[in-house]
Amino acid sequence: MKRFWVFLLTAALAFTACSAGGQKAVLEADPGVTTLIYAQLSANGVNQEVLNKFNLEHKGEVQIEVRDYTKLSEGGKQGVDLLMTEITAGRGPDIIELGTSGETSQLSYRRLAEQGYLEDLWPYIEEDPGLGRGENGLLKGVLEAPLQAAKINGGLYAIFEKVQLHTLVGAKSVVGDHPGWTPEELLNIFAAMPDGSVILEDYHNWKDPSVKQRFFTSLLYGFSDLFIDWEEGKCFFDGDRFRSLLELTSCLPDQHDLERVCANQLEAQSEHFNRLRDGVVMLEDAGFGHWGEWRTRYDWFFGESSYVGYPVDDGSSGSYFEPVGIKLAMSSTCRDKEAAWLYMRQMYNLPVNYEIRGFHVGKTWYRTELRAAMTDLCYTRIGTEIIQFLPLTRKEHARIQELCDSTARSSLLVDQELVDLVMEAAGPYFAGDKTLDETVRLIQSRAELYVNENR
């Protein structure tokens, strides 16, 4: 590892000396230069300025060359298939950008890791002088909880720029103040609410009545791996836990009043927030991506809110992280692992990228944005009103930090193709065209076939 730390010192000095614009690096066919291949799977999957600077700083030693798999077909599906073929044939790239959650270009992180194609990055973090543990035992440069949540069998096989945190939020007076509950408990609480109440609704898609589909998608992104054993090739979609989630989802409204009474999305937002304050809507399916959302939303609507989480009854907080922004993995056969890590780790020291909504995993910018939230007033539009909120208090921050630290699940572990398969099979059940038994048999059969074909 000695050469790695020489690399690190050299890069740190050179990186600060470079101009903001940089200069495009030119790869040279020099037999003394190691060329690392970077597989790009999404449109914004490469920070070109950082890449060019790296190549200039390491000219004559190592160069990174981007291979763009997004241009092979619309949606990138053929590019993903080609990349998977290259990886399994032992001709894979050195650095792999894993794509963006929810798109067909998403590679199966779990499958690649468990089959031995990816390098475990946790030792690199632990041994990194800027990111590893300090005297207090905590990681110095990165948040630990989102990275721990993305581990597979004790190993971390990808790093990522930012995360969003997904959970269900409700009024503490209604849902209680304990993270983690069962679908049965949720339905029992809902049964005691006034007539005309709904479990949840979605003003963002106010003209789209498929509330069931969106809620069930959230469940699958956070927790579908509970029902799969990739190592043994077994699935458990026919068990009581998955059945209860299907039954719960079927209790959600096919469409909500917003579609009937609102002329536009602004009206729908205002009406939705009024219904939250009036206690007509029980829960909000929340995806937090910046500190302003913690300050401006749920205590204002619910009085005192509770991050009760999704009702999966698995012993967890019922919340999950969604990695966003660039997500990088290193091939287990990478030609120069020290140099690849030197490039990859730079994502935690880059300036804030405001185009991507999420909390920084790198502590430098995470703390910068937190300090601003705890000192600045915040203004937000809620319907037709502009509301001012005071800075985040230490008590509020401690409560949020506790939720983040207790979140132990990540959507990165989810197989996108499997999510699509389950959603397609569940659609007729939500529409009332198939029974619960028919649906779980179909999902179980298709899922087991898919898992055994791909494990």
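Me: Rings of Phe, Tyr and Trp (its six-membered ring) pair if their centres lie within 6.5 Å; planes under 30 degrees apart count as stacked, over 60 as edge-to-face and the rest as tilted. How many aromatic pairs does the structure hold?

Reply: Happy to help! The model is predicted: local features need pLDDT of at least 70, side-chain atom pairs count only at pLDDT 80 or more, and totals for chains, interfaces and linings use all residues. Residues are numbered from 1 along each chain as its sequence is written, and side-chain values use heavy atoms, with hydrogens and water left out. The number of aromatic pairs here is 15.

Me: What is the geometry of the pair formed by Tyr-124 and Trp-341?

Reply: The ring centres of Tyr-124 and Trp-341 are 5.7 Å apart. Their planes make 45° with each other, and the pair counts as tilted.

Me: Which helices hold Tyr-124 and Trp-341?

Reply: Both Tyr-124 and Trp-341 are buried (under 20% relative accessible area, with over 50% exposed and partly exposed in between, 1.4 Å probe, protein chains only). The pair ties together parts that are 217 residues apart in sequence, because Tyr-124 and Trp-341 lie in helix H5 (residues 122-127) and helix H15 (residues 337-344).

Me: Where do Phe-227 and Phe-242 sit along the chain?

Reply: Phe-227 and Phe-242 form an edge-to-face pair, 5.1 Å centre to centre with 70° between the planes. The pair links parts 15 residues apart: Phe-227 is in the loop between H9 and strand S5 (228-229), and Phe-242 is in helix H10.

Me: Which residues do ring pairs link into a cluster?

Reply: Phe-227 and Phe-242 are both buried, and they belong to this cluster. In full, its members are Phe-216, Phe-227, Phe-237, Phe-242, Tyr-429 and Phe-430.

Me: How are H9 and H10 oriented to each other?

Reply: The axes of helix H9 (residues 211-223) and helix H10 come within 9 Å and cross at roughly 150°. That makes H9 and H10 roughly antiparallel.

Me: Which residues of H10 meet H9?

Reply: From H9, the partners are Lys-212, Phe-215, Phe-216, Leu-219 and Leu-220. On the H10 side they meet Phe-242, Leu-245, Leu-246, Leu-248, Thr-249 and Ser-250.

Me: How are H18 and H19 oriented to each other?

Reply: Helix H18 (residues 416-430) packs with helix H19 (residues 436-454) at an angle of about 160°, their axes 9 Å apart. H18 is therefore, relative to H19, roughly antiparallel (over 145 degrees, with under 35 roughly parallel, 65 to 115 roughly perpendicular and the rest oblique).

Methods
Axes fitted to C-alpha atoms, helices over the stretch in contact; angles between N-to-C directions. Helix = DSSP H or I, 4+ residues; strand = E, 2+ residues; numbered from the N terminus. Contact = heavy atoms within 4.5 Å.
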